[in-house]
Amino acid sequence: MDWKRLDSARESSGPIEVDLIEAYAQGRINRRNFVKRGTIIGLSVPFMGAIIAACGDDDDSSGDTAAPGTETAGTEAPAGTEAPAGSDAPASSGGVIVVANQQGDANSGLDPVNMLDLGTYNVVSQSFEYLVGVGDDGNIADTGLASEWAPNDDATVWTFTLRENATWADGSPVTSADVAATLDRLAEANNAALGGVIDVGSTDSSDPTKAVVTLLQANGNFPVLVSIFNAQSLITPVDYSSGTTLDERPEGSGAWVLDSWDAATFTAKFVRNANWWGGETPLDGIEIRGFADIGTQVTAMQSREVDAIQQFPVIGGEGLLNDANFVVLTPPSANHRQVWFNTQQGQFTDKLVRQAIAWTLDRQQMVDTLWAGRAEIGNDHPVLSSLPFFDDSAVEQRTPDPEMAKQLLADAGVDSITAVCETGDLQEIPQLAAIIQQNAAAAGINLTVNTQSNSTFYGAAWCPGPNDSDESLPCDNAAEFGIVDYGHRPVPDVYFSSALRTGGPWNSSNFANAEFDQLLLDYQGSIDVDSQKAAVSQMQSLLWDEVPACYPYFYNFLGGHDASVTGVKATSLGHTILSGASKS
């Protein structure tokens, strides 16, 4: 231990940074989590490297610095995602590549504020950029419009310094006024990640180069909430209005400018943005082509009708996994399926009934059958086991127990349950519903499955809309039982605040629990890992007992491209980053 170097680092740091340094030096967190947390609070790579060197190595060093994995023909060797354009970009190769993409929701169109699906995320983010981007390790990084950020001593104020050379496509500068206006629009829309975190007027833009955001309360994870992992937080111009779509105003700051848009086929064509701060892209242009179902996407990729695919499942994707000329991208993933119960309307208002279904689920069967082992078993809360504040002793792991389920139904005074499981037609979700139907039957629970197109499902079954007179019913008349998809976030804030907090905009469970809401405030306001873990442990226990939703597994995200394509990056929230892509 190099105490002199550690003392020097402590003296130049604020209390949040010192707490993290102490946690690492005392072995309370490993190197991987030190780097993750340090990046979130704005520590530089050289600074973190100096701390690691001062403390010596730890037992967790193997693979800590490995970037998100790539595979070729099903191999598991992590090779990292490939570098973005800029000073280190390869020489321009010209040409256009085509990406097979999930067809987005026709109801929202290319609306950066109100979009809800991975297909639309991928299109809109080609032109607009986030304040905070993603790094090669899958964590947030200074690859977006902010070159650096830092909190004040209690994490109630965060300052983001903007890139000096960031401009809109017309050459005008991106300023803090654009950031302030964007965050105001998100606050007005009760954005899933930022609702209750900021308000209209929270951002001081008096210095055009710095956006200073004062939060409603302390939040140690705030940079994540304005990053690529809050998909709707793309920065748009100061005079952009809510409801405006990219095709109406294709004037982003990113690597690509929208050239044409066909809403009927969900196909977007882009050309190079000559004014992008990252430099000249290797490609002349890109095409994002929408597909109504995953099977046709996979077929198009196998036939090389397209050059890359946004996402594909194990079931039906075996041909790609075994294709020696296909590169599989596997970025870090907390992606999961939420099996929700409407806790206030319908047959599942009694938690004992909800617990009964939870005890029927054969999660190992799901992982083996649907993902061929490329998933982690879940335990009815949205906290991934690799997170530094996950508590593996908080609750017992649920396994199939039909007799327990029958007893719980009897305790609830319920003779039988007959219900419909509502799903969208997305990847393996209909097959998951079939397994749940089979599992539940062992306890005498009769389920049928109703699968709709995703566009219909979101509005008709998942969240028809709020009850204007009752905050506790944000998804009034949501289906009493259903399955919805949730994409990756590096911390579970969105899962907690949008899907489980009282009044959360994606709370299809209509779950309203004052104890959970307070624990969420405790977690969000924590500026150290120990306090975060204390709150999260209690949330794990509460959610496991109340079961507003089952979380059967977290699955590996799979995307990829033909071997002739290089320089592609991907996120498990559906972004295909093509600023550094080229094709031989």
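Contact here means heavy atoms within 4.5 Å. This is a predicted model, in which local features need pLDDT of at least 70, side-chain atom pairs count only at pLDDT 80 or more, and totals for chains, interfaces and linings use all residues. Residues are numbered from 1 along each chain as its sequence is written, and side-chain values use heavy atoms, leaving out hydrogens and water.

**Exercise 1.** Work out how helix α10 and helix α12 are oriented and which residues meet.

*Solution.* Start with the elements: helices are DSSP runs of H or I with at least four residues, numbered from the N terminus. Helix α10 spans residues 351-358 and helix α12 residues 402-411. Next, take the axes, lines fitted to C-alpha atoms over the stretch in contact, with angles from 0 to 180 degrees between N-to-C directions. These axes come within 8 Å and cross at roughly 170 degrees. The two helices are therefore roughly antiparallel (angles over 145 degrees). Finally, list the partners: Leu352, Val353, Gln355 and Ala356 in α10 meet Ala405, Leu408, Leu409 and Asp411 in α12.

**Exercise 2.** Now try the same for helix α16 and helix α17.

*Solution.* Helix α16 (residues 514-525) packs against helix α17 (residues 529-546) at about 155 degrees, with the axes 8 Å apart. That makes this pair roughly antiparallel as well. Among the residues that meet are Phe516 and Leu519 in α16, and Val536 and Leu542 in α17.

**Exercise 3.** Place these helices in the whole chain.

*Solution.* Count first: the protein chain has 17 helices and 25 strands, strands being E runs of at least two residues. Then look at its extent: the C-alpha atoms fill a box of roughly 65 × 60 × 50 Å along the principal axes.

Definitions and conventions:
Parallel < 35°, antiparallel > 145°, perpendicular 65-115°, else oblique.
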